[in-house]
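Subject: Structure handover

Hello,

Here is the structure for you to look over. My notes follow below it.

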Amino acid sequence: MTPPSRPADRRASGNPATQAHINQTVKQQREQKRQEKLAEYQRQLAKRRRGKIVWWVVGSTAALAIVALVVASFVFAPRSAPTYGALDSAGTEIEGVETFENDTTHVEEPVDYPQTPPAGGPHSSAWLNCGVYTEPQINENAVHSLEHGAIWVTYDAAALSDDELATLKSHLPSTYVILSPYEGLGSPIVLSAWNNQLSLDSASDERIPEFFEEYWRSQNVPEPNASCSGALDGPGKL
């Protein structure tokens, strides 16, 4: 009687040497696949690590940039204009201030003022809009602004450096002030309010803020609280 046949094994071999080779080949293939999977896992792991590092660097850089912008916004932000005691003239005596008695009337012709620059007197019916000017202004218009409580800051352009002019500007409030060069000044800087005037040699003089504190928008002017805008822009207005 013939014994039943066994299923054929494609890897089986009657030759022990051949069978050993087949078994070794199978082990090598399995090991190769395992190594490939391990290598792929390591590549994916390294990729995720690089991704985390990139995002960390990007996030840190963005955070530093935001911090730098915030700091810069404080460091380089334009300095806010100073404020003074509007409408509260207290009669404070300031060394060097000259006082005058000037009439207030509207005229159409040029006026021969007793002060240079004028600190009140007859003036044009149109006031000069307050602001910073790079050119000299017409006396009669600026005097009308003084009547409304503005301070007229005049300077000798040849006597002040750019830094000194910047220092002078740093004392100015945001409104009710006129800054302009003026020809024929007796001092590098002259501050004029209605019937009050102060001559100065330096833009760092401590009396500049004192003058503004006392006379800026004073209630003692002929027309307190009247507007300092909406009328005439002179030449060179910034």
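Arginine 217 comes just after H4 and takes a positive phi of about 55°. Keep in mind that this is a predicted model. Another positive phi follows H2: glycine 149 has a phi near 105°.

Helix H4

H4 covers residues 207-215. The helix lies across four strands: E3 (151-155), E4 (177-181), E5 and E6. Against E6, H4 runs at about 170°. Its buried residues are Ile208, Phe211, Phe212, Glu214 and Tyr215. What do these buried residues of H4 pack against? The partners are E3, E4, E5 and E6, together with helix H3 (162-170).

The sheet

The sheet is open and has 6 strands. Read across, the order is E1-E6-E5-E3-E4-E2. The pairing is mixed. E1 (98-99) and E2 (131-132) are the edge strands, and each pairs on one side only. E5 spans residues 189-193 and E6 spans residues 196-200. These two strands pair in the antiparallel sense, over 5 bridges. One residue pair to look up is isoleucine 189 with leucine 200, its bridge partner in E6.

Threonine 154

Threonine 154 sits in E3. Is it buried or exposed? Threonine 154 has a relative accessible area of 0%, and buried means under 20%, so it counts as buried. What touches threonine 154, once neighbours within four places in sequence are left aside? The contacts are Pro117, Ser180, Tyr182, Leu185, Pro188, Ile189 and Val190. Ser180 falls within the 177-181 range of E4. Ile189 is the residue bridged to leucine 200.

Helix H2

H2 spans residues 139-147. How many of its residues are buried? The count is 9 of the 9, so H2 is largely enclosed by the rest of the structure. The buried set includes polar and charged names such as Asn139, Glu140, Asn141, His144 and Glu147. Ala142, Val143, Ser145 and Leu146 are buried too. The buried residues of H2 pack against E3, E4 and E5.

The disulfide

The count comes to 1 disulfide. Cysteine 130 and cysteine 228 form it, with their sulfur atoms 1.6 Å apart. The torsion about the S-S bond is about 55°, so the disulfide is right-handed. Which parts of the chain does the pair tie together? Cysteine 130 is in the loop between E1 and E2, and cysteine 228 is in the segment after H4. The pair therefore joins parts that are 98 residues apart in sequence. Both cysteines are buried: cysteine 130 has a relative accessible area of 12%, and cysteine 228 has 5%.

The largest pocket

The largest pocket holds about 230 Å³ of space. It is lined by 17 residues. Closest to its centre are Val132, Lys169, Leu172, Pro173 and Ser174. E2 and H3 each supply at least two residues of the lining.

That is everything I have for now.

Best wishes

Notes: Residues numbered from 1 in each chain as written. Predicted model: local features only at pLDDT ≥ 70, side-chain atom pairs only at ≥ 80, totals over all residues. Heavy atoms only, no water. Pairing = 2+ DSSP bridges. Contact = heavy atoms within 4.5 Å. Axes fitted to C-alpha atoms, helices over the stretch in contact; angles between N-to-C directions. Buried < 20%, exposed > 50% of the residue type's maximum accessible area, 1.4 Å probe, protein only. Disulfide = S-S within 2.5 Å. 1 Å grid on protein atoms, 1.4 Å probe; cavity = no way out; pocket = protein on both sides within 12 Å on 5 of 7 lines; lining within 4 Å. Points joined across faces, edges and corners; volume = space filled by probe spheres on them.
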